[in-house]
Amino acid sequence: MILLALCALLAAVSGVPGLWLRTGGGKAACWLLGLGALAGLAAAGLVLGGGAPASHALLRTPLGTQGFLRLDAIGAWFLPPVLVLSCCGSIFALGYWGDQREGSRRLRLLFGLTTAAMVVLVAAAQAMTFLLAWEVMAVTPFFLVTAEDRDPATRRAGWIYLVSTHSGTLCLFAAFGLLAANSGFLWLPQAPGFAASQRGTATFLLLLVGFGLKAGIFPLHYWLPVAHAAAPSHISSFMSGVLIKMGILGLVRWLCLVPDPPVWWGALLVVLGASSGLLGVAFALAQHDLKRLLAYHSIENIGIILLGLGLGTLGKSTGHPALQLLGYAGALLHVLNHSLFKGLLFLGAGSVLHATGSRDLERMGGLARTMPITAGAFLAGSWAICGLPPLNGFVSEWLIYLAAFRGLAFARSSWSVLSLAALAMIGALAAACFAKVFGVVFLGHPRSPEAAAALEPPRSMRVPMGLLAGACAAIGVAPALLAPALARAVAATGLAGPADLGGLAHLGTLTWVALPLLACAGLLWAWSRRGARSRTGLPTWDCGYAAPVPRIQYTASSFADGLVSAMRLVLWPQVRWRRVRGLFPSQRGYHSHVPDPVLDRLAGPGLDLAARALSVLRFFQSGQLPLYLLYILLTLVALLVWMVA
Amino acid sequence: MNDSTLIRSLHFLLHILTALLLPPLIPGLINKVKALVAGRQGPPVLQLYYDLARLARKQAVLSRSTTWVFLAGPAAVVAAGLVAALLVPFGHAPAPIHFQGDMILFAYLFGLARFATVLSALDTGSSFEGMGAAREVTFSVLTEPALFLGFAALARATGSLSLSGMLASPGFAISRATGPLILVLAGWMIVFLTENSRIPVDDPNTHLELTMIHEVMVLDHSGRPFALVLYGASLKLLVLGALIVGPLLPRTSHPGLDWLGFYGAMALLAVAVGLVESCTARLRMNRVPQFLVAGLLATAFAFFLLQA
């Protein structure tokens, strides 16, 4: 497939012209990425549209057996989000990270390389290609995250990212080694019975850890909040939107290869999904940093995707094609949807950061009046991520709900009911969290002079947000258009029956509900607007307690306080405050912070402890050459004795 | 046009008219019951209709801190309520729109209404309204799973994945699902009282001091937007009420009797809510989650009873 190769090539070189150009490097990168994206989208469209056979061997090995790139339906499903977000990110960077800003060349070059690596990755047909592309995709973001490396927090985030991604790759090496012993480097469907064997179990667990570290499954999520907060916003958007989805891609690929997954695999995925989803959104609720908060929401959405994958896998192992179809379809559609709305939200956060210079929610407020377009786009993203109709988040969650409801009728329905309860609670918590974010950032009065002086960003930053918001709305209102492509992607997961998605989920009906809903809301809005007058200068009535200063407004912390203190056994918030004493208290202050449970409470102190405990070993590492020679001699003597004896 | 099409379109028409015109009657009934129990004469049963007509003619005053979100909130609430009203069966005739999985859409439409109300409250920049909004989203975390576990239990009992099939399934009273059904309805009654901000969760009577959630959020609405808020709240009473009375209605021989039965049951529900409000006090805010957990547990038990 020449289109795919063209796409990867154009993406890889997109940052190159900018190395020599004094200005306009960003635009050149945008054009190259855009052209590459068109080629890639055409390739994906051909495969998913059924116009081309499901697989294309791009290049043949000298032995003429197997190509190393093959764009099948699953790869083609993961390709469009990569390209769309990459394009949107590079356009956004024109305004956000201009040509004059330090590091812009490095950023563009590596951004293109990461995109190209992902294009190769989704189409990798064998383990070697996959690992090569994976490693390139895993290492380049280190340089993207550390774009502002003068800041110690950014350097720390970069290191954490690098350590975690390498640990994941190590697990993948081990897992692929086990697989290679079984079936070589080619990705062939495993023999029945392999999955239940010890080797199969080991492979599954290693892959789960390796891909889970990339996807950010709780408790392997610890790198996400730091890295996403530290990276430039279009990079966060790209990482959160598609980079972590590559972990999901890996899991899906593996699940496709196994004809008979044991029941506990699906159950484990459901449990991991429920815990990722609930803990992700719970920790998100307690954050004050806009980008950290969004990163925790990525963990939540990975949880939702895992719930779908788990239900689908349960369907596969118990022989219920309806469950498998709905579960996998929901998970795959949520992959696409999450990349669109999370990409949008991170770009929106970037606009806010650009305008106010802060990520702290408590310093925002009232931005909807000065930045109406950013506010509208951010609202669309929030609406979608809460899974509210009629946007795209609802459609994929609806499919996963349907899978869970279907599963109720089958054996092992406890996993279905667990998914149902978890999804309902995740939905309510996500709505609470985004009501907080949108309300505190965009509504009310500005809480700081920077927020009061915020201005709408340049057009190059508004256009990508508009594009993504439009895509969210389009999928939400007319999901039936995507149904054939989705069914084709799900069919590649080894479905027992025909992929009759339309028969199980009436996606078309959603359109006929969404349109009256929108029309009715629009009419009522126009009706109530006609009778309203906005007399400038009138403050909020609020029973006469007109707010004297904007700081008296409800803050993000106070909004979330009820839920955070209800979940304090899980979240373990650190609160410091002085009790107010006397009539005219002089000292006051309230600080609350919820550290990450794995990174700040477990890994950090644990590693410190280990370093201290192991410091006795430094005695042996004196740095003197004769001593080391002595060690070698001793070892040799010991070996000799061992061999003789 | 044959007979069944005619009957179906009549049902459809009656359903739409009920959804559009009946809601303001329910708060009127509740208030009348409360007044009678307290020994007062009380406002006329049709009071809310008069209020709506008056508010529709009045001009709304907008605070300088508000944006378009402030007006969009009430509009979205009513739109979501109307669409939800098309999904839920009133009595035994299937709802105008029914498809597999419509209960999920139904629940999320209320989520949408809640999100819109909360944003519209936060748009004023008032901390009092912020408090109401925070409470609203906090309590919904426990009511949503209760609603869904109830759906799970009913789906398990009836084998249907649509509201029309679940709620209008005949023969509940004699099947083995009676016990679980009672538990589901008890749990949903708690959801009903919470979602509609009634006693013992919230006091709808007054605008200040006693009220804690819903009325707090709509303090700054006036004129037409306020008319939409009031209408939306009464619509919610009707639609969530239909969820509760649906499974209880006996099936009669004539569709007209079914409709009469539905209206009678809704009136009884309104009287019941009025009586509850007359004899209990509002719970302290920190007690409310315990009350909601009871609802969650009731629906969860219902599911596990069916499982056994």
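**Entry 1. Chain A, overall**

I began with burial in chain A: of its 645 residues, 56% are buried. I note at the outset that the model is predicted. I then looked up the extent of chain A and found that its C-alpha atoms occupy a box of roughly 95 × 70 × 60 Å along the principal axes. For the radius of gyration of chain A I recorded 26 Å, which agrees with the value near 26 Å that a compact globule of 645 residues would have. I counted secondary structure next, and chain A holds 27 helices and three strands. Among the contacts in chain A with a separation of 6 or more, 79% join residues 24 or more positions apart.

**Entry 2. Domains of chain A**

I looked up the domain division of chain A and found domain 1 (260-522 + 554-571) and domain 2 (599-644). Domain 1 is thus entered as two segments, 260-522 and 554-571. Taken over C-alpha atoms, the centres of domain 1 and domain 2 of chain A are 48 Å apart.

**Entry 3. T146(A)**

I turned to a single residue, T146(A), and located it in the loop between α6 (127-145) and α7 (152-183) of chain A. Is T146(A) buried or exposed? I counted 23 C-beta neighbours inside 10 Å, and T146(A) is therefore classed as buried, given that 20 or more are required. Which residues does T146(A) contact, once its neighbours within four places in sequence are set aside? I found T154(A), R155(A) and G158(A). I also checked T146(A) against P605(A): the two are 459 residues apart in sequence, and their C-alpha atoms are 24 Å apart in space.

**Entry 4. Chain B, overall**

I repeated the survey on chain B, where the mean pLDDT is 89 and 95% of the residues reach 70 or more. Chain B contains twelve helices and one strand. Read from the N terminus, the order of its elements is α-α-α-β-α-α-α-α-α-α-α-α-α. The radius of gyration of chain B is 19 Å, close to the 19 Å that the globule rule gives for 308 residues, so I recorded chain B as being as compact as a globular protein of that length. Along the principal axes, the C-alpha atoms of chain B fill a box of roughly 55 × 50 × 40 Å. I found that 62% of the 308 residues of chain B count as buried. Residues 24 or more positions apart make up 78% of the chain B contacts with a separation of 6 or more.

**Entry 5. Where the chains meet**

I noted the scores of the model, ipTM 0.95 and pTM 0.94, before examining the interface. How many residues of chain A are in contact with chain B? I found 65 in chain A, in contact with 69 residues of chain B. On the side of chain A that touches chain B, the elements that each supply at least two residues are α15 (367-370), α17 (392-407), α18 (413-442), α23 (507-530), β1 (532-533) and α24 (556-566). The most is given by α18(A), with 14 residues. By residue class, I recorded 44 nonpolar, 16 polar and five charged residues on this side of chain A.

**Entry 6. Strand pairing between the chains**

Finally, I looked up the pairing of β1(A). Strand β1(A) pairs with strand β1 (residues 60-61) of chain B in the parallel sense, over two bridges. Within this pairing I located A532(A), which stands opposite A60(B) in β1(B).

Key: Residues numbered from 1 in each chain as written. Chains lettered and ligands numbered in written order. Predicted model: local features only at pLDDT ≥ 70, side-chain atom pairs only at ≥ 80, totals over all residues. Domains from an automatic or database assignment. pLDDT = per-residue confidence, 0-100. Contact = placed C-beta atoms within 7 Å. Helix = DSSP H or I, 4+ residues; strand = E, 2+ residues; numbered from the N terminus. Nonpolar A, V, L, I, M, F, W, Y, C, P; charged D, E, K, R; others polar. Pairing = 2+ DSSP bridges. Rg over C-alpha atoms; globule rule 2.2 N^0.38 Å. Buried ≥ 20, exposed ≤ 12 C-beta atoms within 10 Å, placed from the backbone.
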